[in-house]
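Here are a few exercises to work through with the model open. Try each one yourself before reading the solution.

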Amino acid sequence: MVGSQAQTLLIRGGDVVSSEEVRRADVFIRNERIERIGALGDVAADATIDAAGKLVIPGAVDVHTHLDMEVGVTRSSDDFTSGTVAAACGGTTTVIDFATAYRGESLAEGLATWHGKATDNAVIDYSFHMTITELARPADDLVAEMVEAGITSFKLYMTYPERLMVSDEVISEVMKAAERQGALVCLHCEDDATIAVRRAEALGAGHTQPRWHAQSRPPEAEADAVLRAIRLAENTGAACYVVHLSSAPALERVRVARESGLDFYAETCPQYLYLSAERYEDAPATAARYVCAPPLRDPHHAEELWEGLKRGHLQVVATDHCPFTSADKRAGLAGGGWSDFTQIPGGVPGIETRLALVYQKVVEGRLGLTDWVDRCCTTPAKLFGLHPRKGEPIAGADADVVVFDPSAERPLVAERLHMNVDYSPYENITVRGWPSLVLSRGRVVARDGEPAGTPGWGRFVPRGPSGRLIES
C-alpha cells in the first residue's frame with residue numbers, strides 16, 4: 001500500500017491521458033514533481049502503483065468555488081477543509097475560490113480574509129480570484145496590486161445591485177486595467193433590469209414559490225448580459241470569461257464572439273448539464289435546494305451545452321460549488337424561514353462529483369478522453385495562469401495525478417459523498433468511473449473515493465498571466 005508520501009513513486013502501466021493524446025506509459029514522481037513519463041522499464045522507486053486497466057490523468061482544476069462564504073445570516077456549508085477533502089475524493093487537486101472585497105473594504109483586506117480562511121486548512125492547493133464590488137481607487141492601481149499578490153483574475157457582477165453589481169463603466173475600467181496587466185475579467189452575466197421587472201411581476205401576482213425564481217431569471221436575461229460583455233470586450237481589447245453559462249442563447253453569443261476572433265471564453269457547470277427546471281416543481285422545501293443563479297433551465301438547453309463542450313465553444317466545466325444544508329435553505333437569507341423565492345440562499349453542491357459526471361459522456365461516446373481532460377484539467381489551468389505547473393501530465397509539473405478506475409461504480413447519494421450537505425442533487429445517478437488514487441504534489445489525498453489527506457498540505461498558488469489560450 002502506498003504511504004501518504006514517498007520520496008519516489010512509480011505509477012506503472014496506466015493509460016496516460018493528456019488534452020492531446022492517450023498513451024500507455026509509466027509516471028515517475030520524485031518528491032512533489034513529475035520527473036519522467038514514458039516506458040521506464042526497470043526504474044526503481046520507494047513505492048509502485050499498478051495502474052494497469054486504469055486512466056492516469058492530471059489532477060482536475062476547479063476554477064469556480066465558494067468555500068466558507070457568508071450569504072445573508074448563513075454561509076456556504078463547506079469550508080476550506082471539508083470542501084477540499086470532498087474535491088480530492090472526486091479527483092480535483094486545485095481549486096480557485098472567489099475572494100471578495102465588499103463595499104467599503106479594500107481589495108487587500110478582502111484577500112487577507114480569504115487567506116485566513118484557507119491557510120493551514122486546505123487539503124489540496126488553491127488560489128483566488130478577486131471579486132470587485134466598487135472602484136475606490138483607479139482600476140490600474142487595484143489590478144496591479146492584486147497581480148503582484150499572485151491574483152490574475154477578477155470577477156464582476158451584472159446583477160445583485162444591493163451588494164455586488166457594478167456598472168458597465170466599472171467593468172470597462174477593470175477590463176482596460178486587466179488587459180494591461182495580463183489578467184482576466186470573469187463576469188456573472190444576467191441583466192439585472194430584466195430580472196427586476198420579472199421579479200416584481202411575479203411577487204406582485206402573489207407568486208412566491210421556487211419555480212418563480214427560474215421564471216424571473218429567463219435565458220434572455222443571460223444572453224443580453226453576455227452580449228453586453230462582448231461589446232465591452234471588443235471596446236477594450238480585454239480577455240473575458242463568462243462564469244456558469246446556463247442557456248442556449250447565451251452559448252450562441254459566445255460562439256459568435258469567438259468565431260469573430262475575440263479572446264472570449266465561458267464555463268458551464270454540471271447542474272446545467274444534468275439538472276433541469278423540472279426540479280422547481282417539487283415540494284417547496286425540496287425545490288429550494290435547487291435555487292441557484294442562473295437558475296436551472298429546460299432540458300433542451302443542456303443538450304446545447306453538451307454540444308458546445310464537444311465542439312469547444314465552451315472551454316471549461318467548473319462547479320460554482322456553493323452548498324447549503326437543507327436547514328440553511330429552509331431558514332432563508334435572514335433566518336427564521338423564507339416567505340418567497342428571493343429569500344432562499346442560492347447555490348448547489350458539486351465540487352466532488354464534477355469529474356465523474358463529465359466522464360459519463362466519455363462512457364456514452366459523446367466526448368473523447370482528451371476532451372474530458374481538456375475541459376476539466378488542462379484548459380482551466382491554462383486560462384487561469386496555472387499551466388504548466390498544473391493541469392497537464394508532463395515532466396516538471398506538480399505531481400497532481402489521478403489514477404482513475406473506469407470500471408468503478410459509485411451512486412451519487414449523500415451517504416457516499418463528502419461534501420458538507422445532507423442531500424445530493426444527483427442522488428438518482430450512479431456513475432461509472434471514479435478515482436482510485438488521488439495525489440496532490442506527490443502525496444496521497446484520497447484513496448478509492450475516501451479521504452486520505454491532511455489539512456494544511458494544500459498551499460496557495462500564485463498565478464501567472466491569465467486569459468489567453470493558444471488553441472491547437
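**Exercise 1.** Does Phe128 count as buried or exposed, and at what relative accessibility?

*Solution.* Start with the ground rules: this is a predicted model, where local features need pLDDT of at least 70, side-chain atom pairs count only at pLDDT 80 or more, and totals for chains, interfaces and linings use all residues. Residues are numbered from 1 along each chain as its sequence is written, and side-chain values use heavy atoms, with hydrogens and water left out. Now the cut-offs: buried means under 20% relative accessible area, exposed over 50%, and partly exposed in between (1.4 Å probe, protein chains only). Phe128 has 0% relative accessibility, so Phe128 is buried.

**Exercise 2.** Work out how the rings of Tyr126 and Phe460 are arranged, then do likewise for Phe128 and Phe460.

*Solution.* First, the rule: rings of Phe, Tyr and Trp (its six-membered ring) pair if their centres lie within 6.5 Å, and planes under 30 degrees apart are stacked, over 60 edge-to-face, the rest tilted. By this rule you get 12 aromatic pairs.

- Tyr126 and Phe460 sit 6.2 Å centre to centre with 50° between the planes, a tilted pair.
- Tyr126 is in strand E10 (residues 125-132) and Phe460 in the segment after strand E19 (450-451), so this pair ties together parts 334 residues apart in sequence. Strands (E, at least two residues) and helices (H or I, at least four) are DSSP runs, numbered from the N terminus.
- Tyr126 and Phe460 are both buried.
- For Phe128 and Phe460, the centres are 5.8 Å apart and the planes at 25°, so that pair is stacked.
- Phe128 also lies in E10, so its pairing with Phe460 links parts 332 residues apart in sequence.

To finish, put the rings together: Phe80, Tyr126, Phe128 and Phe460 make up one aromatic cluster.

**Exercise 3.** Describe how H4 and H7 cross, and say which residues make the contact.

*Solution.* Take the axes as lines fitted to C-alpha atoms over the stretch in contact, with angles from 0 to 180 degrees between N-to-C directions. The axes of H4 (residues 168-181) and H7 (residues 219-236) come within 10 Å and cross at roughly 45°. Under 35 degrees is roughly parallel, over 145 roughly antiparallel, 65 to 115 roughly perpendicular and the rest oblique, so H4 and H7 are oblique. Next, list the contact (heavy atoms within 4.5 Å): H4 gives Asp168, Ile171, Ser172, Met175, Lys176 and Glu179, while H7 gives Arg228, Ala229, Leu232, Ala233 and Thr236.
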